[in-house]
Structure formats: structure tokens, C-alpha cells
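Take a moment with the sequence and the model below. The paragraphs after them walk through the structure step by step.

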Amino acid sequence: MTGALQRFLPLIVTTAVLVVGFLICAAQFPNFASWRVVGNLLTDNAFLGITAVGMTFVILSGGIDLSVGAVIGFTTVLLAVLIEHGGWHPVPAFAVALVVAGAFGAAMGGVIHVFRMPPFIVTLAGMFIARGLGFVLTTDSIPINHPLYGELNDMALRFDFGLKLSLPALLMLGVVLAAVVLAHWTRFGANLYALGGNRQSAELMGVPVGRTTVAVYGLSGLLAGLAGIVFSLYTGAGYSLAATGVELDTITAVVIGGTQLTGGYGYVVGTFVGVLIQGLIQTYITFDGTLSSWWTKIAIGVLLFVFILLQKGLLTVWAGRGGEPAEA
Amino acid sequence: MTASTTPPSAPLLAIRGLSKAFLGVQALDGVDFTLRHGEIHALLGENGAGKSTLIKTLTGVYQRDGGTVALEGREIAPRGVEEAQRLHIGTVYQEVNLLPNLSVAENLFLGRQPMRWGLVDRGAMRRRARAILMPYGLSIDVTAPLGRFSVATQQIVAIARAVDMSAKVLILDEPTASLDAQEVAVLFKVMRTLRSRGIGIVFVTHFLDQVYEVCDSITVLRNGRLVGERRTDELPRFDLVAMMLGRELEAAAHRIDIGPAEVDSRPPLASFKGFGKSRSVAPFDLEIRPGEVVALAGLLGSGRTETVRLVFGMDRADQGEATVDGRPVRLKGPRDAVRLGFGFCPEDRKKEGIVGELSVRENIILALQARQGWLKPIPRRRQEEIADRFIRLLDIRTPDAERPIQLLSGGNQQKALLARWLATEPRLLILDEPTRGIDVGAHAEIIRLIERLCADGMALLVVSSELEEIVAYSRRVVVLRDRRHVAELRGGEVSVERIVAAIASETPNTEVRQ
């Protein structure tokens, strides 16, 4: 069906880029095409993937969330302070971190809805507040030495054929799966797309705009909190400056994944692929060894540019198509 | 659809004495409206008649100040669109209020998706969407985004959604405004089907032919008051137009004797042949001579504004040709028109005319400066001279020329706009509703001004809904209906009665609107 093909074209192109990219890497480096690399790719980008899922929802609803990187940083500091200074067990600390991060996002959503403020400004303010609060707690980088951290880091799902999925990787895959269900098999998901399509029409069609707005920013905050937990597991420390600029990396992943920045069109799976493409480029540069890590940024920048142009082109082509006859 | 249990004799919807005011302006004043089961009821009226206020009160967008609204004998007062929907009142607007990015099925079921095990049952949603659209003769890919289909299809989907949400009252607010003839026919078929199922339809439109084609009864509003309700087959077109325009025809039939209809032998200043634009206004012939006032008369939406927009180059004609002084010209934009010596005072002076923050002087000087080019600024001294001259000439009431124009009254703003174009000394001035929204005194002054201007040899093309006004100052009236020029009255033929008759004339409009 050509209609379906057209709808999924951005997603198909993104996936093709990932596959071709992987094949190029595999052709260049003999050790590249291994389950170890795949497992690491998933583990290394888990926090980014989890955050990007929340960002996808926010962007689909027609908004943006610039606070996620700062929320990740704050979460790592909060965990470190609670566990190391406060003597908490990590599990309640995780729970508190998730609640705080979710509430923070929901509060921003509330401000955006009640005062009809642009999400860009509100979440920019949120970014500064979250980053600042991290520094209030501590300016140092605090290592987390709780035994549970070691156990969690050793936890992994091992497959016979050699793939090892770490806890962060599993968490990310779980979040992506849950997000796909949420986006396409729940009313909340439909409301998100509706909101991103046209806020006024959505309201006239009975979409609970306020509730949905608060919920989507709450969800983004919650997922940033979860990403913060994963990040603190991954680095074994809490630091206020952690995950600086991650909000931009996640937006990049969302856009490369085929979601329109203006909202209403896109898929969670695309974002996942977008995260993997970014990770792949980074892995390539690590394998190469001679390239500066800044080439990652340049490659991603070029890719982002190409994808935006591609989307624009597709939209123009669609707009050029005439309407279909009323009677078939 | 659940069959109604009330006997069909009780009206489906009974509105009595409905009133609504905004900031002291009475938008609706004791209006009655009755909709019966299985009836298509036209709601008609010119600008400011109160149609949209009535609809928005019904759909819960506004809260009424007074009166009663009863649905099948039960008093209702919806406080929002959602509540109105629950009360079985569905609305479809001219601009389709669905979501182009969602699939057809998702649009039909947004907020009420079929669920299974806590999740949306997408298969069931698709099946039910196809089943819902079947009776409307639509078999389309319900998984495709709605935005990919034509406006007509989108509108039918919107209607299907409203009806499926158990609408008993369906309000269609100008649904045909952007449809072509074939699409209108499809829509009418749908409306007739719904009527036979006992649904009451309120149909708002500007096309009289459509009213007579599909409606059972007609309610006419004017200036927020009820003019009357009639059966369509008992109301001749002439009487309908008279009701809409509010003319007591016996009284208005007086003629102003402006001499015999002499054949004007002067060469036309501007002449348009077969000029037109698809979906805007059908091709027309129009000649304008120096010193002449040509008026465009017709109901709202009849194509008057569209005609002047073409003449001034604001919209580009896609057929026909224009000549000025006997030479063919191309009107690609307002700049071309200004270069030819045309001027244009638009209908909506707030949106298209005045620049509120600028002073009266700056507003007056704007068009002249634009024509000279911004690189050659008009000296301040000269600007002041021009502004002062027109403030005196047109009697613009302002303490001084430096006052921001937004602080002036509507009539004085209108005069300043007029001054802006007069300063360019145009050969043809187009005025779209020059007397709208200004008080009676200023009204008379503007008419006197129009007369004086053409005595000086300037040609005027005027759009107006005020028929008495048109009769008072025009020697030639072009009458429009349903986006076509249908008649031209000259000299002694010009009278309110003749204009109304021409608007109402029943020449079947068989040509397909494109």
C-alpha cells in the first residue's frame, strides 16, 4: 500500500541509514559486527534513549522539554547525596528521585498550560532551576559506593548466541516497548498526537488538553529521572554537571528519528533508531582511534541537516498531492 | 442513532427569546428559532445578523443572557462544546475542525476509542470506521491521515463523527463555502439521508440557490433580531432577499430621478473582459468611466469583495484581460494597480487598512510615500501640508495630525484611510463598504464626499450593503449573486427594488463553480 509506505518513509529512511552505517563500520573494522558491540551500543546509550522517549512524546504533543539534561544531572546528585551522605538504601532513593523528577516535569506542564506560556521558555527556566538545585546540594562529584550499585551493574541478560543485555539496556528496551504501546494503543497516545496536530481542534473534539499537557511533561520528567538513575549506575557517581547538553542530543535523536519538531507526526521507534545512529557514529570514532571525538558532533550535525531537508521535501511532495475524490 | 421517543409534533429544538450582549452591544435580541425532527432549516442573515452568536450559544461556546433553549421539551444550557455534544448537538464548521495528522478512523473515534483489555482496539476501530462511513458513500482508506483527503471528504467525516456521537441536532456552519458543485451535491445527498433519519439540521450558507435546493424552512435574522420564519416553498426569493436586507419594499421603492439612462460615449478608464478567478468569482465584464460611480451590490459572500480584489490585483485573475486607457495591462499585485492610478480602501480597516500606532499624518502619507519609493522620503513640511489639507477637506476630527490614529473614532479612521488614497490622486478609487461601522453623521459626510470626488473626474468602484446609499450616489449598479455578476442596472433603472429583484432573480445557476 503506497499510503502506508509514504507514512513510514522517514522511519524507513532512518532505519536504512542505521543498517547501512552498521554495514560500513563492519566492512571497515573486522571486530565491529559482534554482539559485544551491539550490547555496548545499547548500554552506552541507554540513558539517552530513555530520555529521548520522553522527549518524543513532548515533541509529538507540539512542545519541547529543554530541562531533561539538567534533571538527569540533578537526579545523579540527589541519589549520591541521599545514598552517600544520607545513608539511604538506593531503592527508596530511586523512588524519591523518580517522584521528584516526575513532579518537576508535571509542574512545568502545569505552568505551560495554565499561563499559556511557550514550552521553550518554561522548560528553559526549568533547566536552570534543576541545574542550580544540583549545585545547591553539592558542587562536588560524589562517587557512589553502595554494594547494590555493583550488583546492579553486574546484572545482565545473557543470550546463548553471545548478546549480553545490561540492566540499563534492558530498561531502555522496556521503556521503548511501553512507549510504543502508550503512543498507539491508548487514549493518552491519541490525545498527544491530536494536541500536536492542532490544539484548538483537539480541544473542540473533547481532548482534555490541560490534563494531557501536565501528563506529558510529567512523563518526560519521570523518564529523565529514570535516565538519571541509569546514568548514576553507569558512571557510579553523582555530579551536578553531568549530562550537560543531553537535551539537545535527545532532540537530535527525535528529529533524526523522523518526528516533526512542530508536533503531530512521528514514531517512538524512529527515536530509538535515531539514538542508535548517534551511538553508532560515536562507536565508529572510538574504533577508528585517530579521529577527534568532535567528529561525532560534526557527523551528527550533517545528518540532522540532511534529515530536516528530507522531511521538508516529503512534506512539500505531500502538500502537492491533490485531494482524493469524495466518492470512491 | 437512537430513535427519538418524543412524538414528532414536539419540536426538536425550541429557542425562545434568546438574548446575548457583548460589551453592551446586543448581538441577539429576543430571537426565536424552531427546529423540527427531520428538517433542514436554513439560518440566514447578513453580517452582524447574529447567526454565529446563535450557533455559539447553542454549542456552549457562549452563555446566553436571557431566553430559553429546549431540546425535545427539556431545558438545556450547555457550558462547553463537550457538554453540547453530550446533549446531542453536533457542529461542523466551514474550516474542518478535525485533525489532519490523525487517521480517518482516529478522527472518528478520538476520545471514545473502542477498548479491549485496557488498550485501544485498533482493528475494531478500523472496522467500525468503515461501517460508519459506508452510508455516506465513502469507502476510503481509514488508516490514512485525514489531511490527505479533499475538504469535502473531511467535512463528511466531520459530519459522520458528529452524527455517530448521537447528534440529534446537526449544525452545519457554511459547510459549502469551499466546495465545488460536485462536492456540494455529495454533501446535500448526505444531508437528505440524515433528514430522513429524523435528524434536524441547521444549515448556514450564503448561497440562496442552495437554500432553495435543500432546505425545508428558513429563519432570517437581522441585526440580532428575528425577521421571520417561513416554509421555503412559501417564500419567493424576492421576499427572502427583502427580509435579509431589511427593506420595506413599498417604502423603499422611491426612485431618485437622475435622468435618463444616457449611453456614455466617453472611452472607459478601465475595462475588464472575461475577468475572473476559479473558486473566487466567475468571469465578468466591467467598464468604468472617468467621473462615474459604479456600485457592486449583492448579499454577503456574493463575490463583491472578490471582484474588487481582482480589480486591484490583490488576487490574481486566472482568466480574462484588463485594459486601462485602451492599453492591455497586467495586474500581478497591488503595486501594479497603484502604478496605474488605482486606490483601494478595504472593508476591514482594522486588519487591512490603518496602522493603529502611527499618527494620522503618517497614515495619510503612507500610500503616497510607498508609490514614490521609500528612498525618496517626502519632506516633513510637505507631509504636514498634505495631512492638514485632508484633515480640513474631509473634516477628520482629531486634535492634531500627530495623534495615533487608533484613538480616533471609526468614522474618522475611515476618512483618514480615504485621505491616504486621495493623496495619491488616484484615477480609480475602490471603496469596500466605506460606511460600515461608522455613525450616521459620518455616514452622510462620506456619501457627500463620494459625490464630490466623482464630480472632479475620479472614477469610483464602491462595494456596499446599504442599498439606499448605492441608489443615492451610483449611476450604474452591478448586481452579484453566488459569485457571479448577474445584472447591470443603469441610470434610471437604478432603484432599491430593482436591485433586490436582481439579487433574487431565479435564473438557474447551472454552471459548475470551479
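What follows starts with chain B and its domains, then turns to some of its residues, the contact between the chains, a helix of chain A and the core.

This is a predicted model. Begin with chain B. Its secondary structure comes to 18 helices and 22 strands. The chain has 514 residues, and 47% of them are buried. Now take the contacts in chain B between residues at least 6 apart in sequence. Of these, 69% join residues at least 24 apart.

How is chain B divided? Domain 1 covers 27–235. Domain 2 is written as two stretches, 249–341 and 430–508. Domain 3 covers 348–425. The centres of domain 1 and domain 2 of chain B, taken over C-alpha atoms, are separated by 36 Å. Where these domains meet, six residues of domain 1 of chain B are in contact with six residues of domain 2 of chain B. The domain 1 side of that contact has two nonpolar, two polar and two charged residues.

Next, look at B:Gly50. This residue sits in the loop between β3 (40–44) and α1 (51–58) of chain B. Is B:Gly50 buried or exposed? It counts as buried, because 23 C-beta neighbours lie inside 10 Å and 20 are enough. Leaving out residues up to four places away in sequence, B:Gly50 touches B:Ala27, B:Leu28, B:Val31, B:Gly45, B:Leu221 and B:Gly224. B:Arg225 is 175 residues away from B:Gly50 along the chain, yet their C-alpha atoms are separated by 7.7 Å.

Two residues of chain B call for a look at the backbone. Most residues other than glycine have a negative phi. B:His88 has a positive phi, near 75°. It lies in the loop between α2 (81–86) and β6 (89–92) of chain B. B:His88 has 22 C-beta neighbours inside 10 Å, so it counts as buried. B:Asn223 also has a positive phi, of about 50°. Its place is the loop between β11 (217–222) and β12 (225–231) of chain B. B:Asn223 counts as partly exposed, because it has 15 C-beta neighbours inside 10 Å.

Now bring in chain A. The contact between the chains takes 23 residues from chain A and 30 residues from chain B. On the side of chain A, the elements that give two or more residues are α8 (167–185), α9 (187–197) and α10 (199–204). The largest share there, five residues, comes from α9(A). By class, this side of chain A has twelve nonpolar, eight polar and three charged residues.

Stay with α8(A). This helix has 19 residues and reaches 26 Å from its first C-alpha to its last, close to the 27 Å expected. Its buried residues are A:Pro168, A:Ala169, A:Leu171, A:Met172, A:Val175, A:Ala179 and A:Ala183. They cover an arc of only 155° around the axis, so they lie on the same side of α8(A). On the other side of α8(A), A:Gly174 and A:Ala178 are exposed. What do the buried residues of α8(A) pack against? Their partners in chain A are α2 (35–44), α3 (46–60), β3 (164–166), α9, α11 and α13 (268–288).

Last comes the core. The largest nonpolar core has 254 residues, and those with the most contacts inside it are A:Ile50, B:Leu170 and B:Ile430. Helix α11 (residues 209–235) of chain A gives the largest share of this core, 14 residues. Leaving out residues up to four places away in sequence, B:Leu170 touches B:Gly90, B:Ile159, B:Ala162, B:Val163, B:Leu194, B:Ile199 and B:Ile201.

Terms used: Residues numbered from 1 in each chain as written. Chains lettered and ligands numbered in written order. Predicted model: local features only at pLDDT ≥ 70, side-chain atom pairs only at ≥ 80, totals over all residues. Core = buried A, V, L, I, M, F, W, Y, C linked by C-beta atoms within 7 Å. Buried ≥ 20, exposed ≤ 12 C-beta atoms within 10 Å, placed from the backbone. Helix = DSSP H or I, 4+ residues; strand = E, 2+ residues; numbered from the N terminus. Contact = placed C-beta atoms within 7 Å. Nonpolar A, V, L, I, M, F, W, Y, C, P; charged D, E, K, R; others polar. Expected span 1.5 Å × (residues − 1). Arc of directions from axis to C-beta. Domains from an automatic or database assignment.
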